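Okay, thanks for coming, everyone. I'll put the structure up and then talk you through the two chains and the place where they meet.

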Amino acid sequence: MNQISKQQQLPEIKEVPSRFRNTIGKFTIKRSAACISCGLCAELCPYGVHLRYENYSKPMRPVEHKCIGFECRQNEYYCIDRCPQKALTLRLNPVLETLGDFRWPAEMLLAHWEMAETGHLPVVDLEYNLGNSGGGFDKIRFKLPDSEKYLDVSDEAMDLSLDLNKRRDGRPERRLSLPCYSGGMSYGSMALTALTGRARAAQKLNTLTCTGEGGYPEEFIPYADYVITQVATGLFGVREQTIQYAPVIEFKYAQGAKPGLGGHLLGDKVTPEVAAMRETVVGSSLFSPFPFHSVYSVEDHKKHVDWVKAVNPRGLVSVKVSTPTDVDMVAVGSYYAGAHIIHIDGSYGGTGAAPDIAKKNIAMPIEYAIPKVHQFLKEEGIREEVCFIASGGIRNAMDVAKAIALGADGVVIGTAELVALECVRCGNCESGRGCARGIATTDHELGRMISESYAEQRIVNMYMAWRKQWCEILRQFGMQSIRELVGRSDLLVHLDYLDETQRAQYQPVPRHRMII
Amino acid sequence: MPKKYHIPTKTAPPRFHPVGKYTTVEFRENCAGSCRMCVKKNCVYNIFTENMLHASTMAEPEYLYTCMSCFRCIQECTRGIFSRAINPDYRTLGDDYWCSDILHRLWYQAHTGKVPVSGAGYRGPFVAPGFDSMWTDMSEIVRPTRDGIHGREYINTCFELSRRVTRLEFNPDMSLASAVPPILELPLPLLFRLSPDLMINEHLLVPMARAAQVLGTLMFVRPQDVTPALSPYAHSLIPCLTEADFKEHGAMIGNSRVVELADAPGIEKVFNAIRNIQPEILLMVGIPLDSRAASRAADLSLTGVDSLHFYADEHGNELNAASPRFLKEMVREVHLKLVENSIRQKINLVFSGGIAMAEHMAKAIICGADAVTADHALLIALECRLCGRCRDGLSCPVKLDEPLDMQWGSARIVNLIGAWQNQLLELMGAMGIREARRLRGEVGRSMWFEDLEREHFGPLFGERKVSGLG
């Protein structure tokens, strides 16, 4: 307890505006030709919607995503009413209907862009804790807290750390400052600047990022202590050297988005640099095999783990598997084979290209798998000796907290980091030149849309905003460490398991009609 | 090793602009029209190249269909004049079951022959009625998966339409004593059938029959729809006859491998008459999928019929019921009834209605079907929009009531089924199952919403207080 009560130095938050000229907000504000450029709106608005620079008297286009909308009506600085020319109009932004989906509705995307921009929780009224999927995390709520238990401590005094090695086997006892780290995204699937930015963010946040299966670019070497080397079925870029760089080595047996399939990298994204890294042919699609043809049993798996442990005596071993019905047995098997981290990846997440049929239908959603594995590890008496990580469809800070309360020690985040880099989830990551927004692309032109420092700071900002939410949850339940929350499913309720009067106390399930 | 079953796909672009989901909206009054930075020039997907054409011809702009939702034009236009909206036609496409998203995916598959692939995770609801409340299992470490989709391992998707003898008997001289009925094995657990609710005409049937021939599957057809143009494909057709009219169609029976009889009391009495016309013929009985279907199946399975074909409605619902059950429950009921009677192994079950996506094929088989039929999906492959105008005798917006290029039509259907087969391989590969026949009734390798909730959330949250999906 002594350790956690000391004040921590948190990474610095810096405002990083959008890369795009026109931001998308919940509301639109239009300025008509009647504007006389008096500058009153800029003086009034405390949110920075109306800008005005010295020596420039023309009106600027409003910064729409900062506008808090109709709730501003009651304020005496409500620009729409105060404008002497009545030149401003405020509306709900109709474009939101075309943005987002059931799992990541438009408001959740906007809120995460805002968090990544400012490092704070959004001022605008946006629903960022719940999606529209009508099940799983979207129906689970934290119980109403007992106000007497409220712990009045600062964010800096909160402990959100995650221990990766609980085996006490003489290997480093690595502690991350956040209960999450970044998922594997490969060199080849993503712009190198975005990847390096993630590694820099991991260093700043004292957490980890992961190479994915596309090899280990040189640019990662300065941050090597924060980069997991992934050993996946394609074995691209897996060398003794790259295994020795890493503090953690991750075996990817399967990924939730496409269980039963290896990684996909379509030909267009295999540029000369990517091909050189992977030792393959330029322009030729790469379909990693499945499964590891060297592993057809838990004994074979143990050989894998032993091999990596021998190559890197200070490395921790993580085993990433998907969520079949017997995921609990697989987790226990992995532990006995010597893994430090059991990482289960549920079906609804993933960032890379995957057949739609696989994402939707194969393997179980992570919400079911977490309590199943947690309980089984407890019954086996090994829960305290293993770091149990969940991923796949964990979208926001609240989902992270719910996953931890269901039984995980921590989580792996992929999609939310991309959203922080202004991903709109259009899903065209794999085809042609790749991501039109410069995130998941290796195209020479598109790949330059992101700078490392932009990626780094946006991701740091988003996690710092999330951290605020986690701290608030912990305070409400009188906890000072997120480790106290692990497995506390007694603090959760599921709306379908409450009778009507109890259910009325909680925020109802969002059910917007969506066109998908 | 026998030659692998392979479906040859080839791009077959649509004849009409499909109804697109999005449209971009411009407010031109603020645009000078000669901006050097115009986002239309910079579109990554080049969807605005023919942007000017539609204005003069009054045609639908092509970007209605091709917009890929990257939002860059909206976010980068120097004047901020771009916006987006959902195409109003898209909202009214299809119905609650055959929703616009399904139609879009079917069009894509019929166009390209490719499996729909996307990035950034799943975007749909957590759980939904029908087949969307079950998941298929996968194998992990201890039960290796199969790499069928890239052809690196052989996965067999065959099923049989012929009845089976449960054991063979031999004479003292070791010659075979039991009579072995004819064997008919089809390479895909999928048959074709055009639903009479929508359009049936020769222009549609010929490309479909041709596609059935290319794929090695069979198509159900009513005798009144059979025209001379279908005669080259007689071997790929299953005439749907009745007790009353089968005698009139002796020639058709003679040319077919399988014939279907509509169920009627005492239908088994005509089996012999049909086998007298063509001794090798396989018999199938068409049964409405209602509350009596299971007991009827049990009765008929003792009569020497080869297969049973159950008809649900177009949404996969039970017929003649006030609160109809869905196909997956109905398949379970029929399958389990036959398992209970120890007769399931001898007979084959085919189900029609509501099969809209590749996963439905796999999930129906897991529930206990041997095969399913594609119905509306075939029409949609030919660009049908399920607008229902044909039901009212009105013209078809994609001209399916007029002659169409047979090559194109059959290529579209072959593409669709090719994509479905790859998706079936994908599911089976993930499960580590090498034979579609092993998938049948394998509910142990699937996960159902009710079970997952009870087993995983029950211990945490207690008793579930809402019924159904909540």
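**Two chains and their contact**

So, chain A to begin with: we count 15 helices and 17 strands in it. Its radius of gyration comes out at 24 Å, close to the 24 Å from the globule rule for 516 residues, so chain A is as compact as a globular protein of that length. Keep in mind as we go that this is a predicted model.

If you lay the C-alpha trace of chain A along its principal axes, you get about 80 × 60 × 45 Å. Of those 516 residues, 57% are buried. And if you take contacts in chain A between residues at least 6 apart in sequence, 69% of them join residues at least 24 apart.

The domain assignment splits chain A into domain 1, residues 27-98, and domain 2, residues 151-497. Going by C-alpha atoms, the centres of those two domains in chain A sit 42 Å from each other.

Okay, over to chain B. Here we have 16 helices and 15 strands. The radius of gyration of chain B is 25 Å, and the globule rule gives 23 Å for 470 residues, which is close, so this chain too is as compact as a globular protein of its length. The C-alpha trace of chain B spans about 95 × 65 × 50 Å along the principal axes. Buried residues are 46% of the 470 in chain B. For contacts in chain B with a separation of 6 or more, 68% are between residues 24 or more positions apart.

Chain B also gets two domains: domain 1 is 22-86, and domain 2 is made of 159-166 plus 178-450. Their centres, again over C-alpha atoms, are 45 Å apart in chain B.

Now the bit where they touch. How many residues of each chain are in contact with the other? It's 66 from chain B and 82 from chain A. On the chain B side, the elements that each give at least two residues include the helices α12 (358-367), α14 (406-431) and α16 (449-461), along with strands such as β2 (82-86) and β4 (134-136). What's that side of chain B made of, by class? There are 33 nonpolar residues, 18 polar and 15 charged.

One last detail, for those who like strands. β14 of chain A, residues 354-355, pairs with β3 of chain B, antiparallel, over two bridges. If you want to find that spot on the screen, look for A:P355, whose bridge partner in β3 of chain B is B:V117.

Terms used
Residues numbered from 1 in each chain as written. Chains lettered and ligands numbered in written order. Predicted model: local features only at pLDDT ≥ 70, side-chain atom pairs only at ≥ 80, totals over all residues. Contact = placed C-beta atoms within 7 Å. Helix = DSSP H or I, 4+ residues; strand = E, 2+ residues; numbered from the N terminus. Nonpolar A, V, L, I, M, F, W, Y, C, P; charged D, E, K, R; others polar. Pairing = 2+ DSSP bridges. Rg over C-alpha atoms; globule rule 2.2 N^0.38 Å. Buried ≥ 20, exposed ≤ 12 C-beta atoms within 10 Å, placed from the backbone. Domains from an automatic or database assignment.
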